[in-house]
Amino acid sequence: MKMEKKAFLEVKHLKKYFPVRNSIGISQVTVKAVDDVTFTLNEGETFCLVGESGCGKSTVGRTILRLTEPTDGEVRFQGEDIFQYDKKELHTVRKDMQMVFQDPFSSLNPRKRIGSILEEPLKIHKIGTSKERTEKVMNLLERVGLQRDQYYRFPYEFSGGQRQRIGLARALSMNPELIICDEPVSALDVSTQSQILNLLLEIQQDLQLTYLFISHDLSVVRHIGDRIGVMYLGKIVESAPTDALFETPKHPYTKALLSAIPIPDPQIEREKIQLRGEIPSPLNPPAGCPFHTRCPFVMDVCKKSVPETREVGQGHLVSCHLYTEENDYAKVVDN
């Protein structure tokens, strides 16, 4: 019998607003980078956040780790709200929650050798002797597909794919339970992307890790994700198991994203959904549904009220007025 997965990361009503100050330092408006985001990450799975650039997905990841302090909301890791942790408690829990950054080169100190960079978190947490730390780092380099003698090299001596392997090795050095991957393959060519993705899947299986995977590429998340959350203007508008999202998307924005994925067969034509207009500014988001200014199925109610999140299938949630109990228009849209 298959065991039920345990939810150990719960994000509830997460908000992160950034004040915008004028020339004399007075805050007049705020950017709602993340606006009421809620989701659950189950033990041992990969939950993916996808959306256009600027939708707030990277801010979600950084706020969960408190690299950016939240405006409001809760993040419960193994049942405890880490937003209530003091500095000492946060220092302890950081061993179990690590991050792989989008740009590996900017996250590596160019003046230090790779070995020194990878040993730094072990020194901070006072793990092992100097000899033990060196041996562990060399083993980690081998684990991510590099050579032990590359311990002595500098970051500029590596390719982009190799630097991303180093970033993964640094995250693994603390034996974490959760890794947040922020666009880890977006700067790599396609062949290198597949190598890194396969490495992530292999390490996840071997070490029983849980991933929050952030990306703008739906083809990538289909390969690695168990569940997907689609973000638009700071909100999750749809979330579902990966197969359900690709086979039966509900939200008009999700359908537009999927229609833009190229099909590697010139004989097959897919009807593309053209979204009108530009993404609204988070400085002045529209009232009601944030997507109504670009939605091809917009109704009057969309301009006035924010849609509730409803379950339209097993584990399939959508925030759209088309899917209210009294609205049968969704049947037409889905068909």
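Student: Why is L233 called buried in this model?

Tutor: In this predicted model, L233 has a relative accessible area of 10%, and because buried means under 20%, that value places L233 in the buried class. The residue sits in the loop between β9 (227-232) and β10 (235-241).

Student: What does L233 touch, leaving aside its neighbours within four places in sequence?

Tutor: L233 is in contact with C55, I279, P280, P282, P285, P286 and P290, each contact resting on heavy atoms within 4.5 Å.

Student: Why is V29 called partly exposed?

Tutor: V29, which belongs to strand β2 (residues 27-42), has a relative accessible area of 38%; buried would require under 20% and exposed over 50%, so the value of 38% makes V29 partly exposed.

Student: Which residues form a nonpolar patch on the surface with V29?

Tutor: V20 and L283 join V29 in that patch, and together the three have about 200 Å² of accessible area.

Student: How do you know that R133 has no salt bridge?

Tutor: The nearest side chain of opposite charge, that of E119, is 4.4 Å away from R133, whereas a salt bridge must fall within 4 Å, and therefore R133, although buried, is counted as having none.

Student: What makes the approach of R133 to G128 a polar contact?

Tutor: The side chain of R133, a residue of helix α4 (residues 130-143), reaches the backbone oxygen of G128 at 2.7 Å, and because the limit for such a pair is 3.5 Å, the distance of 2.7 Å satisfies it. Not counting residues up to four places away in sequence, R133 touches E119, L122, K123, I127 and G128.

Methods. Residues are numbered from 1 along each chain as its sequence is written. This is a predicted model: local features need pLDDT of at least 70, side-chain atom pairs count only at pLDDT 80 or more; totals for chains, interfaces and linings use all residues. Side-chain values use heavy atoms; hydrogens and water are left out. Patches are made of residues with over 30% relative accessible area and no salt bridge: like charges are joined within 9 Å, nonpolar side chains (Val, Leu, Ile, Met, Phe, Trp, Tyr) within 5 Å. Accessible areas come from the Shrake-Rupley method with a 1.4 Å probe; for residues, only the protein chains shown count as cover. Helices (H or I, at least four residues) and strands (E, at least two) are DSSP runs, numbered from the N terminus. Buried means under 20% relative accessible area, exposed over 50%, partly exposed in between (1.4 Å probe, protein chains only). Lys and Arg count as positive and Asp and Glu as negative; His and the chain ends are not counted. A polar contact is a pair of N or O atoms within 3.5 Å; within protein, one must be able to donate a hydrogen and the other to accept it, and residues adjacent in sequence count only if both atoms are side-chain atoms.
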